[in-house]
Amino acid sequence: MDSPPSPHPISPLEQALHAARALVLADLAAGEVAEPDVVSFVEESVVQRRWWVEQWPEGVDYVAGLVAQDVQDALLERHGRWPLCPVCGAGDPHALEVEPELGADPHWVCHKAGVKVSAVGALQAAGGGTGGASDGGTPSS
């Protein structure tokens, strides 16, 4: 049975924000760092990015990568590096980076190895679910 159409369709902005939230939460869960204080970083970013896209509607396709970067920056300041690179087994642990920095179709990339690791939201499938914040631990409050 089909559901009746919603009287208030969801705008492209809200769709992009909900998708960005879901993708970043999936990556946080893959790294086992989706603690309540960390999830609040996602919510803070979504609020900020809603304002940003309202000012620049053409940037709606960039929201997922920007939310991922915002959360990564917040984690670095308060807990440590995230997500840790699952590709490089030797040497100092290092974080993946989002590319493009401002563009559609964001991916987690290891600059040390020069490889795309996964799309934002797909770290679990790429084996990136093993590293938490800092030096592999779970962030704490």
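## Contacts and overall layout

Among contacts in this protein between residues at least 6 apart in sequence, 59% join residues at least 24 apart. Keep in mind while you browse that this is a predicted model. The protein has three helices and three strands, and along the sequence they follow the pattern α-α-α-β-β-β. Of the 141 residues in the protein, buried ones make up 40%.

## Helix 1 against helix 2

A good place to begin is the pair formed by helix 1 (residues 12-30) and helix 2, whose axes come within 10 Å and cross at roughly 155°. Because angles over 145 degrees count as roughly antiparallel, helix 1 is roughly antiparallel to helix 2. The crossing of helix 1 past helix 2 is right-handed.

Which residues bring the two helices together? On the helix 1 side they are Leu-13, Glu-14, Leu-17, Arg-21, Val-24, Leu-25 and Leu-28, and these meet Val-38, Val-39, Val-42, Glu-43, Val-46, Arg-49, Arg-50, Val-53 and Glu-54 in helix 2. Sorted by class, this contact of helix 1 with helix 2 has 10 nonpolar and six charged residues, and no polar ones.

## The nonpolar core

In soluble globular proteins, nonpolar side chains tend to be buried together. Here the largest nonpolar core has 30 residues, and those with the most contacts inside it are Val-24, Leu-28, Val-71 and Trp-108. Helix 1, helix 2, helix 3 and strand 2 each supply at least two residues of this core.

Val-71 is worth a closer look. Setting aside its neighbours within four places in sequence, Val-71 is in contact with Val-24, Leu-28, Phe-41, Val-42 and Trp-82. Two of these partners, Val-24 and Leu-28, are listed with Val-71 among the residues that have the most contacts inside the core.

## Buried residues of helix 2

Arg-49 lies in helix 2 (residues 36-55). Is Arg-49 buried or exposed? Its relative accessible area is 15%, so Arg-49 is buried, the cut-off being under 20%. Beyond residues up to four places away in sequence, Arg-49 touches Leu-17, Val-63, Leu-66, Val-67 and Asp-70. The C-alpha atoms of Arg-49 and Val-63 are 6.8 Å apart, with the two residues 14 apart in sequence.

Ser-45 is found in helix 2 as well, and at 2% relative accessibility it counts as buried. Leaving aside neighbours within four places in sequence, Ser-45 is in contact with Leu-66, Val-67 and Asp-70. Those three residues also appear among the contacts of Arg-49.

## Helix 3 and the loop between strands 1 and 2

Gln-69 lies in helix 3 (residues 63-78). With 17% relative accessibility, Gln-69 counts as buried. Not counting residues up to four places away in sequence, Gln-69 touches Val-98, Pro-100 and Glu-101. Of these partners, Pro-100 has its place in the loop between strand 1 and strand 2.

Gly-103 is found in that loop too, between strand 1 (97-99) and strand 2 (107-110). Gly-103 counts as buried, at 10% relative accessibility. Beyond residues up to four places away in sequence, Gly-103 touches Asp-61 and Tyr-62. Gly-103 and Tyr-62 are 41 residues apart along the chain, and their C-alpha atoms are separated by 5.0 Å.

## Backbone details to look for

Most residues other than glycine have a negative phi, and most peptide bonds are trans. A few spots in this model are therefore worth visiting for their backbone geometry. The peptide bond from Trp-82 to Pro-83 is cis, with omega near -15°, and Pro-83 is found in the loop between helix 3 and strand 1. The bond from Glu-99 to Pro-100 is cis as well, with omega near -5°.

Where are the positive phi values found? Glu-32, which is not a glycine, has a positive phi of about 55° and is found in the loop between helix 1 and helix 2. At 57% relative accessibility, Glu-32 counts as exposed. Asp-105 has a positive phi near 55° although it is a residue other than glycine, and Asp-105 is found in the loop between strand 1 and strand 2. Asp-105 is exposed too, with a relative accessible area of 53%.

Terms used:
Residues numbered from 1 in each chain as written. Predicted model: local features only at pLDDT ≥ 70, side-chain atom pairs only at ≥ 80, totals over all residues. Heavy atoms only, no water. Helix = DSSP H or I, 4+ residues; strand = E, 2+ residues; numbered from the N terminus. Buried < 20%, exposed > 50% of the residue type's maximum accessible area, 1.4 Å probe, protein only. Contact = heavy atoms within 4.5 Å. Axes fitted to C-alpha atoms, helices over the stretch in contact; angles between N-to-C directions. Parallel < 35°, antiparallel > 145°, perpendicular 65-115°, else oblique. Left-handed = near helix turned anticlockwise from the far one by under 90°. Nonpolar A, V, L, I, M, F, W, Y, C, P; charged D, E, K, R; others polar. Core = buried A, V, L, I, M, F, W, Y, C linked by side-chain atoms within 4.5 Å.
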